[in-house]
Amino acid sequence: MTGRRAFLHEALSCAGHLALASAAMPLLARRAWAAPRGARVVAVEPFGRLEMVADGVWALVSTPLAGDMTTVANGGIVAGRSGVLVIEGLMTVAGARWLGEQARALTGRWPTHVVCTHYHSDHVNGLAGYAGDAGHAVVHLTAASRDLAARNTPPDAIRASALATAIVVDPAAPTTLDLGGRMVRLVPRSGHTASDVSIELDDPAVTFCGDLVWNNMFPNYVDARPGTLAASVRAMRRGGSVRYVPGHGPVATDGDVARYLDMLGEVEVAARAAFTRGIASADAAATFRFSPSLGDWAMFSPAFLPRAFEAWRRELQARGG
Ligand SMILES: [Zn+2]
């Protein structure tokens with residue numbers, strides 16, 4: 001594929017190139033997905049695992065590097081007395097159906113709600129898996145994400161119907177979803193795409209970050225506005241013992257999010273220097289190295305780093321430097 005079609009194909013998935021990359025992925029990068037010591041894992045599949053992160057809250061940590069693309073993105077389950085929320089439509093119908101079945105096994109109820117954090121295919125493609133004989137989850141996403149998802153993903157009648165009947169998340173202010181004794185905030189943000197949503201609980205303190213946060217792996221800047229991305233992540237941090245479920249990679253602590261922000265900052269410094277000196281994004285990325293103190297950042301694809309520099313170049317050019 002070449003030109004616009006290739007771009008669209010890649011843009012569809014924020015974890016594009018995974019299958020290609022996994023064959024050559026060093027052991028180090030595979031370890032990036034490993035469950036931390038003490039994680040309460042309740043289910044393991046070739047494509048991911050489900051970890052209890054708090055009472056009534058579970059994180060799906062997808063592990064696509066081995067080549068199984070059933071889910072690709074992370075997701076989650078939040079249980080209340082009167083409703084069960086699942087997070088993300090995931091990459092395939094089978095993946096979403098699996099998460100729905102896990103929700104039913106853990107909570108006794110089929111998901112009543114699903115929130116998609118943004119339009120990328122690994123977050124919306126499987127939406128039809130939450131609708132069927134077992135039940136029907138109401139979809140929540142922003143109008144911008146709904147429209148982009150409808151335009152950019154292959155036709156699927158059930159998903160099209162789910163998107164058409166979705167509840168539109170307010171793009172200007174947080175929305176509270178009452179699951180019965182459990183309040184969940186849907187917070188509109190942006191930076192990974194033009195319209196992102198984080199899902200936030202105060203008690204227990206858990207934030208589902210969507211792709212605004214990636215842990216142990218370098219993010220895809222395909223639609224990113226890098227300055228906005230960093231500002232959104234800073235605004236999302238609450239400190240203390242909050243558990244952050246990133247869009248990709250293992251569940252994160254506040255320290256992990258701080259390290260991610262430091263990493264984004266190093267890219268910014270290098271990208272600004274390249275912009276000022278007129279160095280092409282590809283050349284700047286080729287010589288860029290992270291500080292050793294940032295640890296290891298798995299790279300899905302060699303394209304991701306030049307893409308980050310290019311996103312910065314576009315942003316700085318639009319701002320006039
Ligand atoms: Zn994404």
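**Close-ups of helix H11 and the nonpolar core**

**View 1. The buried residues of helix H11.** Phe304, Leu305, Arg307, Ala308, Phe309, Glu310, Ala311 and Trp312 are the buried residues of H11 (buried means 20 or more other C-beta atoms within 10 Å of the residue's own, with C-beta atoms placed from the backbone; helices are DSSP runs of H or I with at least four residues, strands are E runs of at least two, both numbered from the N terminus). This is a predicted model, so local features need pLDDT of at least 70 and side-chain atom pairs count only at pLDDT 80 or more, while totals for chains, interfaces and linings use all residues. Residues are numbered from 1 along each chain as its sequence is written.

**View 2. What H11 packs against, and how it ends.** Its buried residues pack against helices H8 (226-236), H9 (254-277) and H10 (281-287). H11 covers residues 304-319, and its 16 residues should span 22 Å at 1.5 Å a residue (1.5 Å times one less than the number of residues); the end C-alpha atoms sit 23 Å apart, which agrees. Just after H11, Gly320 takes a positive phi of about 75 degrees.

**View 3. The largest nonpolar core.** This one has 82 residues, with Val86, Val115, Val139 and Val213 making the most contacts inside it (a nonpolar core is a set of buried Ala, Val, Leu, Ile, Met, Phe, Trp, Tyr and Cys residues joined through C-beta atoms within 7 Å). H9 gives the most to this core: seven residues.

**View 4. Around Val139.** Leaving aside neighbours within four places in sequence, Val139 is in contact (backbone-placed C-beta atoms within 7 Å) with Val114, Cys116, Leu127, Ala162, Leu163, Ala166 and Ile167.

Note on methods: A residue is buried if 20 or more other C-beta atoms lie within 10 Å of its own, exposed if 12 or fewer, and partly exposed in between; C-beta atoms are placed from the backbone. Two residues are in contact if their C-beta atoms, placed from the backbone, lie within 7 Å.
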